[in-house]
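This report looks at the main pocket of the model shown below, and then at two loop residues with unusual backbone angles.

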Amino acid sequence: FSSASKYTKAIELCLAAQRYAEYKKNAKFKIKISHDLGYIYSNMGLNANAINYYKNGLKLSQQEKDTFNFANISARLGGEYDITRQYDSALKYNQQSLKYFAFLKHKRGIGVSYGNLASNYKGLKLYDKAIQTTLDAIKIRTELVDNYALTILKNTLAACYLKKKDYKAALVAIKEAEEL
């Protein structure tokens, strides 16, 4: 299978599952399917479609008082808006995800939210805020021993230090990323 055919098949299966969830009136399943369709479209680079499905999932999770999915889908929406350089919307959803992940004491979610916020601040050229938020994310991801996320965060940190012309700190961060 090519990637395109895999995505097409995944969408086809999700849409069939969506019809079944509607038939069964299963709200939790509808939330999951909206999330998954958003994720598939995001991976295809079809950000407007992803945003639509994520917003539907967010609305459903709010109706169901499903705090975890509300936080998770908020983070996904923040990510989509970051990709499309709509940083004000990205900040809104990433701050919302941080608030709810903190309420749940969900360490990984908090780390994801901080990482997303750092990217938003970087996009807005608020490099000091981006650096501090990245450091917050690094602290949590270090505790979780998440080397993949740490590599990305160290690269973000290096990019911010470069923008601030702090070449020594940028070099340290990029070397740490390389080691990871």
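## Lining of the largest pocket

In this predicted model, the largest pocket is lined by 31 residues. Those that lie nearest its centre are Arg 76, Val 112, Asn 116, Arg 141 and Ile 152. Five elements give two or more residues to the lining: helix 2 (27-43), helix 4 (67-83), helix 5 (87-104), helix 6 (107-123) and helix 8 (147-163). Helix 4 supplies the largest share, with nine residues.

## Volume and composition

The volume of the largest pocket is about 810 Å³. By residue class, its lining comprises 14 polar, eleven nonpolar and six charged residues.

## Lys 65

Lys 65 sits in the loop between helix 3 (47-63) and helix 4. Its phi is positive, at about 55 degrees, although Lys 65 is not a glycine. The relative accessible area of Lys 65 is 71%, and the residue is therefore classed as exposed, the cut-off being over 50%.

## Lys 165

A second positive phi in a residue other than glycine is found at Lys 165, with a value near 60 degrees. Lys 165 belongs to the loop that lies between helix 8 and helix 9 (167-179). Helix 8 is also one of the elements that give two or more residues to the pocket lining. Lys 165 has a relative accessibility of 59%, so this residue too counts as exposed.

Definitions and conventions: Residues are numbered from 1 along each chain as its sequence is written. This is a predicted model: local features need pLDDT of at least 70, side-chain atom pairs count only at pLDDT 80 or more; totals for chains, interfaces and linings use all residues. Side-chain values use heavy atoms; hydrogens and water are left out. On a 1 Å grid over the protein atoms alone, a cavity is a set of points where a 1.4 Å probe fits but cannot get out, and a pocket is an open set with protein on both sides within 12 Å along at least five of seven lines; lining residues have an atom within 4 Å of a point. Grid points are joined across faces, edges and corners, and a volume is the space filled by probe spheres set on the points. Helices (H or I, at least four residues) and strands (E, at least two) are DSSP runs, numbered from the N terminus. Ala, Val, Leu, Ile, Met, Phe, Trp, Tyr, Cys and Pro count as nonpolar, Asp, Glu, Lys and Arg as charged, and the others, Gly among them, as polar. Buried means under 20% relative accessible area, exposed over 50%, partly exposed in between (1.4 Å probe, protein chains only).
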